[in-house]
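Here are a few notes to go with the model you asked about. Have it open while you read.

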Amino acid sequence: MQISSKFEGSHATLSLAGRFDFHSHRDFRNAYEKVLEEVRAKEVEVNFSDVDYLDSSALGMLLLLKEKSDAAGKSVVLSSPRGAVRQVLDIANFGKLFKIVE
Amino acid sequence: MSAAPEMNLKILIADDSPTNRKQLETVVRHLGHVPILACDGQEAVDKFRDESPDLVFMDVMMPGMDGMTAVKHIRAMQGSKWSPIVFFSALDRMQDMVRGLEEGGDDYVVKPASLQLLRAKINGYARLLSLQKMNYQYTEELENWRDEARTQVRLGAHVMARLTDADGLRDSLVRYFNIPTDAFSGDLLCARRAPDEVLHVMLADAAGHGLSAALAALPITQIFYSMTAKGFPIASIAEELNRRLKAILPADLFVAATLAAVDVRSQTVEVWNGGNPDALFMNTAGEITMRWPSRHPPLGILPEAVFSGLTETIGFHEPGDLVMCSDGLVEAEDPADVWFGLEGVARVFAQTPHTEGQRFVALRTAVLDHMAERPNRDDLSCMMVSLPVERRQAVRFSAKSAAVYQGPVSDWRLELSYGETELRYLDVVPHVLGFISQVQILKAHQGALFLILTELFNNALDHGLLGLDSSIKSSENGFELFLQERAQRLAQLQDGRIELSFLLHQDGNQSLLDLSVTDTGPGFDFQGTLAAELQEDNDHRPYGRGLRLLRNLCAELRYYGMGNKVWARYVLSEACVAADSALPESAPA
C-alpha cells in the first residue's frame with residue numbers, strides 16, 4: 001500500500017492507495033505518527049478513494065489511530081470509501097465510531 | 001564496512017619455502033591474526049582439519065602433496081563454514097590461475113607479492129569474514145526464533161482445540177466447518193443449550209489471524225458457556241463479552257461476533273450481530289426469508305456505557321436453517337479474485353435439496369471449489385442450525401448426573417423481592433437460578449426449574465405489571481412488536497414489584513419445592529383464561545403454550561387473589577429411601 005500525507009493548516013490528509021491490510025502495519029504507523037507529532041494538525045483525514053481492500057487488521061489500525069488522536073486532541077475523519085471498503089466499514093458499524101464522509 | 005567488528009583470524013600458511021612462510025607469517029602477526037604453518041600439502045590438510053582456520057594461503061608447487069590436491073581434500077571435508085583459500089604461487093600464467101580457481105580456490109596471488117598487497121588482501125578477507133559471521137549469527141537466531149514460534153503454535157493449537165471442542169457443538173441441530181489460514185483459527189464456534197433447552201450458538205471472528213487472533217478469542221468461550229448454562233439471555237452475554245474484551249484487549253484488537261438463541265419450543269430465533277456478515281434464515285425451498293445484518297460494532301471496541309445488546313427476534317412458521325459465517329467465507333476468492341459472497345451461499349441453497357445435512361456439505365464443497373486450492377487469506381468458518389417445526393413439543397432435559405443427592409431434605413426457604421429499578425436491568429431468572437441451584441437437590445432439576453420460573457416470572461412481569469397482550473405475537477413481525485412494546489413499558493414502569501418465594505420441604509417420602517410468584521399489578525381473569533386454555537388446541541399459536549407447559553411440569557398450579565399470585569408445587573423425588581434399599585447389597589465396583 002502507498003501512503004502520502006499532506007498538511008493544510010489544521011487539516012492533515014493521509015491518502016492511501018492499494019490494499020490496506022496486515023502488511024501495511026509499519027507504513028501506516030509511520031505515516032500517522034508523523035501527523036500526530038504535527039502540532040497544528042487538528043483534524044486527521046484518512047482518504048480511501050484509492051483503496052480497494054480493507055481487512056480486519058486495517059480496522060484495528062484505524063482504531064489505534066483514533067485512540068492516539070483522541071489522546072492528542074485531534075479528530076479523525078474517514079473519507080471516500082468505495083465498494084468493498086465501504087462494505088467492510090459498514091459491517092463493522094464504524095459509522096458509530098468515526099465520522100465518515102463521501 | 002566499518003560496522004563489522006574486529007576479528008582475530010586463524011590463518012593457515014602452506015608453503016615449502018621458509019622465506020615465503022616467514023614473509024606471510026610476519027604480515028599476519030603484524031595485523032593481529034594467528035598464523036598456522038604447514039610445509040607441504042599433506043600437513044596443510046592435517047592442520048586444516050585440526051585447527052579449522054578462517055583463511056588459507058596455499059602454495060601450488062610443494063613436495064609430496066601439491067597445493068591443488070590439498071585444496072581438493074580441504075573442500076571435501078569442509079562443513080557449513082566457508083574458509084576462503086588464496087593460492088599464493090610463482091606460477092603466473094593465465095591457465096595456472098584459472099585452474100587454481102577451478103580447483104576450489106577463491107583467489108590467486110602471484111609471487112612475489114608486495115607487503116602492501118598481502119596486507120590489503122588479508123584486511124579485505126577479514127571484513128568479508130566478519131560480515132559472514134554476523135550473517136551466520138542472524139541465521140542461527142532466526143532458526144531459534146522459528147523453532148520457538150513452532151513450539152508456541154503447537155501449544156496454541158492444542159489449547160484452542162481443547163477450548164473450542166465442546167459437547168454443545170455435537171448438538172443434533174448444529175453443523176459447522178472452520179478452515180483456518182494458520183495452524184489454528186481466530187474464528188471460534190460455540191454452541192450450548194441453556195437450562196430451558198434453548199440453543200445458544202456463537203460464531204466469533206477475532207481481528208487478524210494466527211496466534212494473536214486466537215488469543216483475543218480465547219476468553220470469550222468460557223464466558224459464553226458459563227453464562228448460557230446459567231440461563232442468561234444472549235443480550236447479557238454479548239454485553240459481558242464486550243466488557244471483558246474491552247478490558248483486556250489493546251485498541252487494535254476486537255472480535256466480530258454473531259450470537260443466536262434458537263428456541264424450537266416457541267419457534268423463535270433471536271440474533272445479536274456485531275461485525276459479522278448477515279446471518280440468514282433459509283427456508284426449505286432455499287430462499288432467504290430473513291437477514292440479520294450487523295447492527296453493532298464488533299466486541300471489545302465500545303465502552304460499557306454506549307454498548308448495545310439489542311437483539312432482533314423473529315418467530316418462524318416454516319422449517320429452515322439459520323446460517324452464520326465469518327467474513328472469510330464471504331471474501332473467499334476464486335483465481336480471478338471474485339468473492340464467494342453471501343450470494344454464493346444463497347446459490348448453493350437454491351440448488352441443493354433440503355435433506356439431512358446435504359446443503360451443509362454442498363456449501364463446504366462449493367467454497368473449496370471456488371477457491372480452487374488457493375490458500376484462504378482469512379480464517380473461514382460457517383455454522384448452520386436446523387430449525388425444525390415440531391407439532392409435538394415434549395420438553396426434554398439432559399440426563400441427570402447419578403451422584404446427586406436425592407433427599408430427604410430439611411426445610412429450606414428463600415424469599416426475594418424485586419422493585420421496578422432492578423426489574424429494568426437484572427436478568428431476574430438466571431439471577432434467582434444462581435441462588436437456588438446451590439442447593440444440591442435442586443441443582444439436578446435446574447432445567448425444569450428454569451422453565452417454570454421463566455414462565456411464572458414472565459407472566460408476572462409481561463402481563464401482571466406491564467399489561468402486555470400476547471396476541472400481538474401472532475401478527476406480522478409480532479415478536480419484534482411485542483418485544484418493542486415490552487421494552488417501552490418496562491422503561492416507563494413505576495411502582496411495580498415482583499416477589500418470589502421458594503420452600504423446599506419433605507412430605508412423607510416426597511421431596512417438594514413450592515414456588516410462588518406475586519406481582520403488584522391489577523391481576524387478570526384467570527378463571528376465564530384457564531378454561532379457554534383447557535378447551536382450545538392452541539398449538540398453532542405462537543403464544544399461550546406456557547400454561548400447559550407449567551401444568552405438565554408441576555404437580556399443582558393455583559392462582560390466588562385477582563390472579564396476581566400464583567403458586568406451584570414441583571416434585572423433586574419420590575420414594576428415594578425405598579430406591580436406596582432396593583440396591584443389591586454388593587454392587588460391582
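In which sense do strand β14 and strand β15 of chain B pair, and over how many bridges?

1. Keep in mind that this is a predicted model. As for the question, β14 (residues 320-325) and β15 (residues 380-387) of chain B run antiparallel to one another, and their pairing covers 6 bridges. If you'd like a spot to click on, take B:Val323, whose bridge partner in β15(B) is B:Met384.

2. That pair belongs to an open sheet of 5 strands in chain B, with the order β6-β15-β14-β11-β12 and antiparallel pairing. At the edges sit β6 (174-179) and β12 (288-292) of chain B, each of them pairing on one side only. On average, neighbouring strands here are turned by 15° against each other, ignoring direction.

3. Have a look at helix α10 (residues 358-371) of chain B too, since that one packs on the sheet. The helix touches β6, β11 (279-283), β14 and β15 of chain B, and its direction makes about 15° with that of β6(B).

4. Now for the chain contact. Chain B and chain A each put 19 residues into it. Together they bury about 1,500 Å², with 62% of that on carbon and sulfur atoms. On the chain B side, B:Ala251, B:Asp252 and B:Trp339 supply 29% of the area buried against chain A, more than any other three residues.

5. What about polar links between chain B and chain A? There are 5 residue pairs in polar contact, counting those with both residues at pLDDT 80 or more, and 0 salt bridges across the interface. The chain B side that touches chain A divides into 9 nonpolar, 5 polar and 5 charged residues.

Key
Residues numbered from 1 in each chain as written. Chains lettered and ligands numbered in written order. Predicted model: local features only at pLDDT ≥ 70, side-chain atom pairs only at ≥ 80, totals over all residues. Heavy atoms only, no water. Pairing = 2+ DSSP bridges. Helix = DSSP H or I, 4+ residues; strand = E, 2+ residues; numbered from the N terminus. Axes fitted to C-alpha atoms, helices over the stretch in contact; angles between N-to-C directions. Contact = heavy atoms within 4.5 Å. Buried area = accessible area lost by both parts, 1.4 Å probe. Salt bridge = Lys/Arg side-chain N within 4 Å of Asp/Glu carboxyl O. Polar contact = N/O pair within 3.5 Å; in protein donor to acceptor, adjacent residues only side chain to side chain. Nonpolar A, V, L, I, M, F, W, Y, C, P; charged D, E, K, R; others polar.
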